[in-house]
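Q: Hi! Could you walk me through this structure in plain words?

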Amino acid sequence: ACKRSFQFLIDEYGCQIVQSGEHAAGSAITYANSTTGVKVSLEPRENFIFVYLIQLQNRKIPAYFDAPDGWVYLDAILALKTPKLKIQQKAFGDWLKPKDIDTILRSYAHALRIYGREVLAGDFTLFKTIRQHLMSSSR
């Protein structure tokens, strides 16, 4: 379901799958082109799907702890660009079923295709705007 929903990353942005499989909290697939990474992570313990956009360093995906400013949740981009759009996830305790996962993945892929264009093309200006917004709202 994930590969099908995010196929546009390969077809339209020249991404390749650079990592795929299980991790400590669940499973993930990571796409990258020459400037941008996209990590889609299903974390069953959190009952949540996370989509991160990542600014590559030297054409490689940096570890989050090495470059936290280079990792942004797609939800943060959506909150800034289209505050009314919220990808509906399941509440904790209302566990994800395969149909839910497919619906959420399709919703994220659609939102990324529309609202993540600049980042997918290598323009990370939005990352700085999001950081500034987060800093001002935490005061």
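A: Happy to! One term to start: buried means under 20% relative accessible area, exposed means over 50%, and partly exposed is in between, using a 1.4 Å probe and protein chains only. This is a predicted model, in which local features need pLDDT of at least 70 and side-chain atom pairs count only at pLDDT 80 or more, while totals for chains, interfaces and linings use all residues. Residues are numbered from 1 along each chain as its sequence is written, and side-chain values use heavy atoms, with hydrogens and water left out.

Q: Thanks! Is Asn 47 buried or exposed?
A: Asn 47 counts as buried because its relative accessibility is 2%. Asn 47 sits in the loop between strand 3 (36-43) and strand 4 (48-55). Helices (H or I, at least four residues) and strands (E, at least two) are DSSP runs, numbered from the N terminus.

Q: What about the phi of Asn 47?
A: Phi is positive there, about 60 degrees, although Asn 47 is not a glycine. Arg 59 is not a glycine either, and its phi is positive too, near 65 degrees.

Q: Where is Arg 59, then?
A: Look in the loop between strand 4 and strand 5 (71-73). Arg 59 has a relative accessible area of 63%, so it is exposed.

Q: Okay, new topic: charges. Which side chain of opposite charge is nearest to Glu 43?
A: That is Lys 39, 6.4 Å away; Glu 43 is buried yet has no salt bridge. For charges, Lys and Arg count as positive and Asp and Glu as negative, while His and the chain ends are not counted. A salt bridge needs a side-chain nitrogen of Lys or Arg within 4 Å of a carboxyl oxygen of Asp or Glu.

Q: And what is Glu 43 in contact with?
A: Glu 43 belongs to strand 3. Leaving aside neighbours within four places in sequence, Glu 43 is in contact (heavy atoms within 4.5 Å) with His 23, Ala 25, Phe 48, Phe 50 and Tyr 52.

Q: How many salt bridges are there in the whole structure?
A: A search finds seven. One of them joins Asp 102 and Arg 4, at 3.5 Å from N to O. Asp 102 is in helix 4 (residues 98-115) and Arg 4 in helix 1 (residues 2-5), so this pair ties together parts that are 98 residues apart in sequence.

Q: Does Asp 102 have another partner? Which residue would that be?
A: Arg 106, in a salt bridge of 2.5 Å, N to O. Both Asp 102 and Arg 106 lie in helix 4, four residues apart, about one turn of the helix. Salt bridges with shared partners join Arg 4, Asp 102 and Arg 106 into one network.

Q: Nice. What does Arg 131 pair with?
A: Asp 69, through a salt bridge whose closest N and O atoms are 3.9 Å apart. Arg 131 lies in helix 6 (residues 125-137) and Asp 69 in the loop between strand 4 and strand 5, so they tie together parts 62 residues apart in sequence. Arg 131 is partly exposed at 29% relative accessibility, and Asp 69 is partly exposed at 48%.

Q: Last one: how many disulfides does the structure hold?
A: Zero. A disulfide is a pair of cysteine sulfur atoms within 2.5 Å.

Q: Why no bond for Cys 2?
A: Because the closest cysteine sulfur, in Cys 15, is 12 Å from the sulfur of Cys 2, too far for a bond. Cys 2 is buried at 16% relative accessibility, and Cys 15 is buried with a relative accessible area of 4%.
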